[in-house]
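Please open the model in your viewer and keep the sequence panel beside it, since this tour moves from one selection to the next.

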Amino acid sequence: MNRFVDRVLAMLLLAIGMLCFTRVYFALGGAGEGFASVRMAFFGIAGVVSALAALLFWAGLLPGRSTHDPKTPLFGRGAETQPGGRPRLRRLFAVVPFLAVLALVADQLGPWSRQPQDAGKGLIAEQPAPSAPQGQDVSSAPAPEPEAIQPPAPASPSEVALPPPVSPPEPAPAPAAPPQTVAPLPQVPPSQPTQPDGHREPVVWLAVAPDGHSILSASTDRTIKLWDIEGKRLIRTLGIHKDMARTALFLPDGARALTAGDDGEIVLRQLADGAVLHVFSSGQNGGVNKLAISPDGKRAVSGHDTGRVIVWDIEKGSVLRVMPGHDWSISGVAVSPDGTRAISGSIEGTLKLWDIATGKQLRSWHGHERGPYGIVFMADGRHLITGSGDYTIKLWDLDTFKEVRRLEGHSGTVYVLALSADGKRLLSGSLDGTARLWDLETGNETALFDSRSGPVYAVAFAADGTVLTGGYDRTIRDWPAAGGDGVVLFAGAPE
């Protein structure tokens, strides 16, 4: 569509250039001095610029300002390689021909466009000089004397009226001061607390340990951090990826964790000291956008920016399957409660169901208008919940692959979902800056958590039932499940 518009604009600019050259051609036969020369020079330059602009627009060399494509990742390498465009040069080559059109109209209708023979029309004719009397020499005729002006006769003293005495003018009353409305200063949001060992960039993942005592967080600053909830302190920076970190998951044994990032590595780490036990490298399959672990901790499923889905054997440290079914970057993955199936979603809205053991694609359907970033299985394994860039949350029946319920309320991309331990409540985080709690039995929103500080990228349920969020402001917050104000549990690093 943009290419078609540029070619139409090129044809229009070429027509403007031809008009300018035509104006110069006809002006060559007239006066070449003064204002006419300036006009000829202007239309000549405008014609050259218009013709050059037509050529550049036709060749597609003046792209406009880039905008976010809904089929590209929200952040990461894919988002950083968008074309920058040449908006200033584009505006310049569009404005000059527009000025030329205005000049052509003004040149046609202005007063300077009239022909020379019309120059004397409308002027007042000079009156002829009076002729001298017949037989009299004009040069010797005396000039008529001006009529003498008789001054008025002075009035007699008795007839002079004395002016009344003049009293000094009373000072005018000072004008009343106009009413004033004073605008108050804008309310500046309170500054956020900071801590030196906090994340330096947005928090994009949160996971709570099986015993509920600690939290794993992943950040675009490339670090994975392990936090003590009860002591409200950093236990350690568990590891650092070569590129932004995306996911950090506890294994069921509570002693190990899997972390993944845009560097294409999935790292098995020991929580006690952060030691690296094994590195799973995706090689040419691209960065790891999302990662999920089977409930028994034996398998991991990763989604990559190349559109591939990979199944890993954690115990053997090997690759089981590489599934290239998606044409677009993966936005979300999930593993079923029985560990036999996986769901993957890509950024254009397609969902695929896989058999983990065989790598066979069981079903594919277009579930959303944009990418499903949050994906969770319900406890029965027969229902799936997805949150998407089209701002909706959908509940799917995996027996019929039909949408059975839709949850609406977010005004931005639903980026992450978390299911409560009892399976009755759903927690969603969105780029609109809020997290929301939903009752899955009724579909009603039961609580709203407003960060007022930017997108929410990560959510989790704490062991005590409270809500945890992480996001753009680099902090990890704790919220009461009934709603209300949250508290900063772990602050971000100073800017």
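**Three arginines to select**

Begin with Arg474, which you will find in the loop between strand S26 (467-471) and strand S27 (476-479). As you look at this loop, bear in mind that the model is a predicted one. If you display the backbone torsions, phi of Arg474 is near 75°, a positive value in a residue other than glycine. Most residues other than glycine have a negative phi. Is Arg474 buried or exposed? Its relative accessibility is 13%, and because buried means under 20%, Arg474 counts as buried.

Next, select Arg452, in the loop between strand S24 (444-450) and strand S25 (456-461). Here too the torsion deserves a look, as phi of Arg452 is near 55°, again a positive value in a residue that is not glycine. With a relative accessible area of 66%, Arg452 is exposed, whereas Arg474 is buried.

Finally, move to Arg341, which is placed in strand S14 (residues 341-346). Which side chain of opposite charge is nearest to Arg341? It is that of Asp338, 4.7 Å away, and the buried Arg341 has no salt bridge, because a salt bridge needs a side-chain nitrogen of Lys or Arg within 4 Å of a carboxyl oxygen of Asp or Glu. Now show the polar contacts of this arginine: the side chain of Arg341 reaches the backbone oxygen of Gly381 at 2.7 Å. To see the surroundings, leave aside residues up to four places away in sequence and display the others that Arg341 touches, among them Val335, Trp354, Ile356, Leu362, Gly381 and Leu398.

Key:
Residues numbered from 1 in each chain as written. Predicted model: local features only at pLDDT ≥ 70, side-chain atom pairs only at ≥ 80, totals over all residues. Heavy atoms only, no water. Helix = DSSP H or I, 4+ residues; strand = E, 2+ residues; numbered from the N terminus. Buried < 20%, exposed > 50% of the residue type's maximum accessible area, 1.4 Å probe, protein only. Lys, Arg positive; Asp, Glu negative; His and termini not counted. Polar contact = N/O pair within 3.5 Å; in protein donor to acceptor, adjacent residues only side chain to side chain. Contact = heavy atoms within 4.5 Å.
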